[in-house]
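Open the model in your viewer and switch on the cartoon. This tour goes stop by stop: select, look, move on.

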Amino acid sequence: MKKLVVKVNLHDDRDRSKAMQVVSGFGGIGSLSMDSKDNKLTVSGDFDPVKVVNKLRKSWHTEIVSVGAAKEDDGKKEEGKKDDQVANLVKAYEAYYSSPVTYYCVPPEETPNCVIC
């Protein structure tokens with residue numbers, strides 16, 4: 001489950017309803033709420049946040065406030081979350097700074113009886 005909070009520059013109720021309709025068209029949206037006072041749109045579910053933000057940016061000025069995992073009240077401890085964060089950082093580091101691949105070339109043996117040398 002992911003949670004995305006974006007600030008969308010909407011002017012009237014018509015823009016608000018259009019923005020909510022655009023976002024609700026994506027698959028995997030669990031819940032969708034709009035804070036009209038701050039113009040913040042909160043989306044949660046199993047979806048791709050990049051696609052949602054790109055779609056909103058085509059029509060309105062959009063700023064990302066936060067992106068992360070949705071908080072679940074299953075009693076998970078903070079220590080488990082920190083381990084997951086560290087593991088994700090290690091994966092990102094290894095993907096960005098991959099170990100260099102070294103190639104060894106063996107020079108061809110020089111033959112004294114070579115005609116084309």
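**Whole chain**

Show the surface first. The accessible surface of the protein comes to about 9,700 Å², and carbon and sulfur atoms hold 51% of that area. Keep in mind that this is a predicted model. Of the 117 residues in the protein, 19% are buried.

Go back to the cartoon. You should find three helices and four strands. Trace the chain along its sequence, and the pattern reads β-α-β-β-α-β-α. Contacts reach far along the chain: among those between residues at least 6 apart in sequence, 65% join residues at least 24 apart.

**The sheet**

Select the four strands. They form an open sheet in the order S2-S3-S1-S4, and the pairing is antiparallel. Which strands stand at the edges? They are S2 (29-35) and S4 (62-69); each has a single partner strand, so one side of each is left without a neighbour in the sheet. Neighbouring strands here are turned by 15° against each other on average, direction ignored. Turn on hydrogen bonds if your viewer draws them. Strands of a sheet pair through backbone hydrogen bonds, either parallel or antiparallel.

Now walk across the sheet, pair by pair.

- Select S2 and S3 (residues 40-45). Six bridges join these antiparallel strands. Ile29 stands opposite Gly45 in S3. Ser33 has Thr42 of S3 as its bridge partner.
- Select S1 (2-8) and add S3. Six bridges link S1 and S3, which run antiparallel. Lys7 stands opposite Lys40 in S3, and Leu4 has its bridge partner in Val43 of S3.
- Select S1 and S4. Seven bridges pair S1 with S4 in the antiparallel sense. Label Val5, whose bridge partner in S4 is Ser66.

**The hairpin and Asn39**

Zoom in on the link between S2 and S3. This hairpin has four residues between its strands. Asn39 is found in this loop. What is the sign of phi at Asn39? Asn39 has a positive phi of about 55°, although it is not a glycine. Compare that with the general rule. Most residues other than glycine have a negative phi.

Is Asn39 buried or exposed? At 15% relative accessibility, Asn39 counts as buried, because the cut-off for buried is under 20%. Show its contacts. Leaving out residues up to four places away in sequence, Asn39 touches Val6, Lys7, Val8, Leu10 and Arg16.

**Helix H1 and Ala19**

Select residues 13-24, which make up helix H1. H1 lies across S2 and S3 and runs at about 165° to S2.

Pick Ala19 within H1. Its relative accessible area is 0%, so Ala19 is buried. What does Ala19 touch beyond its neighbours within four places in sequence? Ala19 is in contact with Leu10, Leu56 and Trp60. Draw a distance from Ala19 to Trp60. Their C-alpha atoms are separated by 8.6 Å, although the two residues are 41 residues apart along the chain.

**Helix H2**

First place H1 against the sheet once more: H1 lies across S2 and S3. Then select H2 (residues 49-57), which packs on the sheet and touches S1, S3 and S4. The direction of H2 makes about 15° with that of S1.

Colour H2 by burial. Which residues of H2 are buried? They are Pro49, Val52, Val53 and Leu56. Look down the axis of H2: the buried residues fall within an arc of 95°, so they line one face of the helix. The spacing fits a general rule. An α-helix has 3.6 residues a turn, so residues three or four places apart point the same way.

Where do these buried residues pack? The buried residues of H2 pack against S1, H1, S3 and S4. One of them, Leu56, is already familiar as a contact of Ala19.

Rotate to the other face of H2. The face turned away from the buried side carries the exposed residues Val50 and Lys51.

**Last view**

Put the sheet, H1 and H2 on screen together, with Ala19 and Asn39 labelled. Ala19 sits in H1, and Asn39 sits in the loop between S2 and S3. Leu10 is among the contacts of Ala19, and Leu10 is also among those of Asn39.

How values were computed:
Residues numbered from 1 in each chain as written. Predicted model: local features only at pLDDT ≥ 70, side-chain atom pairs only at ≥ 80, totals over all residues. Heavy atoms only, no water. Pairing = 2+ DSSP bridges. Helix = DSSP H or I, 4+ residues; strand = E, 2+ residues; numbered from the N terminus. Axes fitted to C-alpha atoms, helices over the stretch in contact; angles between N-to-C directions. Contact = heavy atoms within 4.5 Å. Buried < 20%, exposed > 50% of the residue type's maximum accessible area, 1.4 Å probe, protein only. Arc of directions from axis to C-beta. Areas by Shrake-Rupley, 256 points an atom, 1.4 Å probe, with all protein chains shown as cover.
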